[in-house]
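Please open the model in your viewer and keep the sequence panel beside it, since each stop below is a selection to make and a short account of what it shows.

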Amino acid sequence: MPLLLSPHAAARSPSLRHAPCVLLPSRVRPLGAKPRGVGKGRAAVVSEKLAAAVEGEGRSGDGEGERYDAIVVGSGIGGLVAATQLAAKGARVLVLEKYVIPGGSSGYYRRDGFTFDVGSSVMFGFSDKGNLNLITRALEAVGCKMEVIPDPSTVHFHLPGDLSVLVHREYDDFVKELVSKFPHEKEGILKFYGTCWKIFNSLNSLELKSLEEPLYLFGQFFKKPLECLTLAYYLPQNAGDIARKFIKDQQLLSFIDAECFIVSTVNALQTPMINASMVLCDRHFGGINYPVGGVGGIAVSLANGLVNMGSEIRYKANVTNVILESGKAVGVRLSNGKELFARTVISNATRWDTFGKLVKVKELPEEEKNFQKNYVKAPSFLSIHLGVKASALPAGTDCHHFVLEDSWSNLEKPYGSIFLSIPTVLDPSLAPDRHHILHIFTTASIEDWEGLSRKDYEQKKEVVANEIIRRLEKKLFPGLEDSIILKEVGSPKTHRRFLARSDGTYGPMPRGKPKGLLAMPFNTTSIEGLYCVGDSCFPGQGVIAVAFSGVMCAHRVAADIGLEQRSPVLDTGLLGVLRWLRTLA
Ligand SMILES: NC(=O)c1ccc[n+]([C@@H]2O[C@H](COP(=O)([O-])OP(=O)(O)OC[C@H]3O[C@@H](n4cnc5c(N)ncnc54)[C@H](O)[C@@H]3O)[C@@H](O)[C@H]2O)c1
Ligand SMILES: CC(C)=CCC/C(C)=C/C=C/C(C)=C/C=C/C(C)=C/C=C/C=C(C)/C=C/C=C(C)/C=C/C=C(\C)CCC=C(C)C
């Protein structure tokens, strides 16, 4: 019978708590490591170090009295990339994670032989070419390489009016498929996606570092003037406006809305053109690649790499305050009262949590008021993890699906559209033999789940999840319900609690129609020594997006603590101009 347990409860059991050190890393090959079974592999050594860190036996005891170069609050991909990039530049970093394993919404949990990804299984940036393979590069920076499985089809869209579009890995196949559905819009299709390629190629030609660091930024303008000007031109623009220049067919425009919605939780008119171009092209350029062993392996590898480079990560370390001295961030206080000090503090909590909870100031800084004027918390989501008998899926089933059955007007409504990933199509090792994982999620807001008794809450999870499963059974997989052997449902409250995200939010979304990415804050904050990283920083939601925010943050922090070149005069000028530009949005 279905189990209704918190999906994250698994990681609290002592045996599973050690799982990432023993099992996931066995699928992670540090660069140059000996094959397994030849001596004591480096992976094993790294794993032991992580185990020690998890147990609180890291290199420097409890760390009280020490002063780090940077303390990172939170070990989401944004926080881990910032931490590992800094460690690779020679900084001494301490990562403090409230939960028991790394990864945040890119974590994992195991149950009854199934390895579930907590969040998305659609991985961009994991190829071996170009400059935008930021996940591959982040791992390489700490000496790791993960084996990946190429996904032959990015997403299979099942849309109103029985419109079915499969996004093939090969761009030409995708265009052929789309043109076959909208032959009268062939030219518009080529022009819209062609514009995306122009932007993507510009992005991919740059060496990606902090856009808040003038020596780098001006250097890039000098080396790649056309590409930088192209990006500057599209920075304040949105995908929906560009699409409307070339395309008239309303259904095709709605398809582009759905394309944008799955990466930004808003329609195309609200999705920055640069972000849309990034995902609509990288899926064909580098392709979508799934890490063998599950998405959770990325965070475990980064945490391993961090420890291996002489820095630290501590779990069950709940930061309650950023300590300010004369208006400067100098350290953090934990819920157990311990204080830890550093030259800089980097928060991977959302900006709402950072400035709503961790930083105790009388008034919200202007910069944050501006952020909250432009962005609201996107709804949270309802997630359903299923273990099913393989017989439920027809042969050749694609890995990722997006389902919106009846009306385009439901696209952005709570429970309106359904995201579905079946990672076992690519990596069968995630489930017992002859079984699959179905990870289903749909947007839902926290208000809908508050104020219920325990019994009503559990009942509601069961009712809402069953309705979503019924819809999938009707649209895609007849007999699905009878094939379920394991079911776990997470509500917005689950996500708020276990991901430590305000209202369980999926990320920031524009309050109205944004000026592209112009209003999105970078990593510095109005508090000296305090930086933010993650999806409430430029360029927003997405694992690869937060990885970029981590790279940018590490570069800016490294310059500020003297590990990279800087010019204080140019810094003041550029940061002032960027602050002013944000107020124009
Ligand atoms: N929002 C979601 O639920 C969700 C789902 C799927 C994928 N994703 C992807 O992941 C991205 C988010 O990555 P991210 O790097 O911004 O961060 P994240 O939210 O994934 O991770 C933040 C980490 O910080 C920890 N944390 C927060 N407050 C803390 C505190 N006070 N003390 C100690 N630890 C604390 C959390 O436990 C969590 O592990 C999203 O943009 C999205 O693409 C998100
Ligand atoms: C500095 C100024 C003002 C001007 C200078 C001009 C200049 C040089 C600008 C440079 C800009 C740069 C470098 C911008 C870089 C932008 C990048 C790298 C953006 C990346 C965006 C990535 C995104 C948005 C990725 C999103 C991915 C997501 C959300 C994936 C998840 C998918 C799902 C949740 C869907 C699951 C789907 C199914 C169907 C199951």
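Start by selecting serine 153 together with histidine 168, a residue of β9, because the two are bridge partners. This model is predicted, and the tour moves outward from that pair to the sheet, the helices lying on it, the core and the two ligands.

**The sheet**

Extend the selection to β8 (residues 153–159) and β9, which pair in the antiparallel sense over five bridges. From here the whole open sheet can be picked up, with its seven strands in the order β9-β8-β17-β18-β19-β16-β20 and with mixed pairing. Since β9 (163–168) and β20 (484–490) stand at the edges and have a single partner strand each, one side of each is left without a neighbour in the sheet. On average, and with direction ignored, neighbouring strands of this sheet are turned by 15° against each other.

Now select β19 (435–444), where 10 of 10 residues are buried. Colour His435, Ile437, His439, Phe441 and Thr443, which point one way from the strand, and then His436, Leu438, Ile440, Thr442 and Ala444, which point the other way. With β16, strand β19 pairs in the antiparallel sense over 10 bridges, and phenylalanine 381 stands opposite threonine 443 of β19. With β18, strand β19 also runs antiparallel, joined by three bridges, and here phenylalanine 419 has phenylalanine 441 as its bridge partner in β19.

**Helices across the sheet**

Add helix α11 (residues 250–264), which lies across β8, β9, β17 (400–403) and β18 (418–421) and runs at about 130° to β8. Then add α17, which lies across β16 (380–389), β19 and β20 and runs at about 95° to β16.

**The core and the helices around it**

Which residues touch the most other members of the largest nonpolar core? They are Ile71, Val93, Leu306 and Ala547, in a core of 169 residues. Helix α18 (residues 543–560) gives the most to this core, with 13 residues. Centre the view on alanine 547 and, leaving aside its neighbours within four places in sequence, display its contacts with Ile77, Val81, Gly125, Leu134, Ile135 and Ala138.

Leu134, Ile135 and Ala138 lead on to helix α5 (residues 134–141), where they are among the buried residues, along with Thr136 and Leu139. The buried residues of α5 pack against α4, β6 (144–146), α13 (296–308) and α18. Just after α5, check glycine 143, which takes a positive phi of about 75°.

**Ligand 1**

Select ligand 1 and the 34 residues around it, of which Gly74, Gly76, Gly104, Gly119 and Gly534 come nearest. The elements that give two or more residues to this shell are α4 (77–88), α17 (492–499) and α18, and α4 gives the most, with three residues. By class, the shell around ligand 1 has 12 nonpolar, 17 polar and five charged residues.

**Ligand 2**

Move to ligand 2, which 33 residues surround, the closest being Ser120, Leu231, Asn275, Gly542 and Ala545. At least two residues of this shell come from each of α9 (225–234), α11, α12 (273–287), β17, β18 and α18, and α12 gives the most, with four residues. How do the residues of the shell around ligand 2 divide into nonpolar, polar and charged? There are 24 nonpolar and nine polar residues, and no charged ones.

**Backbone details to inspect**

Go next to the loop between β22 (530–532) and α18, where proline 539 lies. A cis peptide bond with omega of about 0° joins phenylalanine 538 and proline 539.

Two further loops hold residues other than glycine with a positive phi. Lysine 316, in the loop between β11 (312–314) and β12 (319–325), has phi near 55° and is partly exposed, with 14 other C-beta atoms within 10 Å. Serine 326, in the loop between β12 and β13 (328–334), has phi near 50° and counts as exposed, with 6 C-beta neighbours inside 10 Å.

**Zooming out**

Finally, show the whole protein, which has 19 helices and 22 strands. Buried residues make up 55% of its 585 residues. Among contacts between residues at least 6 apart in sequence, 75% join residues at least 24 apart.

Technical notes: Residues are numbered from 1 along each chain as its sequence is written. Chains are lettered from A and ligands numbered from 1 in the order in which they are written. This is a predicted model: local features need pLDDT of at least 70, side-chain atom pairs count only at pLDDT 80 or more; totals for chains, interfaces and linings use all residues. A nonpolar core is a set of buried Ala, Val, Leu, Ile, Met, Phe, Trp, Tyr and Cys residues joined through C-beta atoms within 7 Å. A residue is buried if 20 or more other C-beta atoms lie within 10 Å of its own, exposed if 12 or fewer, and partly exposed in between; C-beta atoms are placed from the backbone. Two residues are in contact if their C-beta atoms, placed from the backbone, lie within 7 Å. A residue is near a molecule or strand if its C-beta atom, placed from the backbone, lies within 6 Å of it. Ala, Val, Leu, Ile, Met, Phe, Trp, Tyr, Cys and Pro count as nonpolar, Asp, Glu, Lys and Arg as charged, and the others, Gly among them, as polar. Axes are lines fitted to C-alpha atoms, for helices over the stretch in contact, and angles run from 0 to 180 degrees between N-to-C directions.
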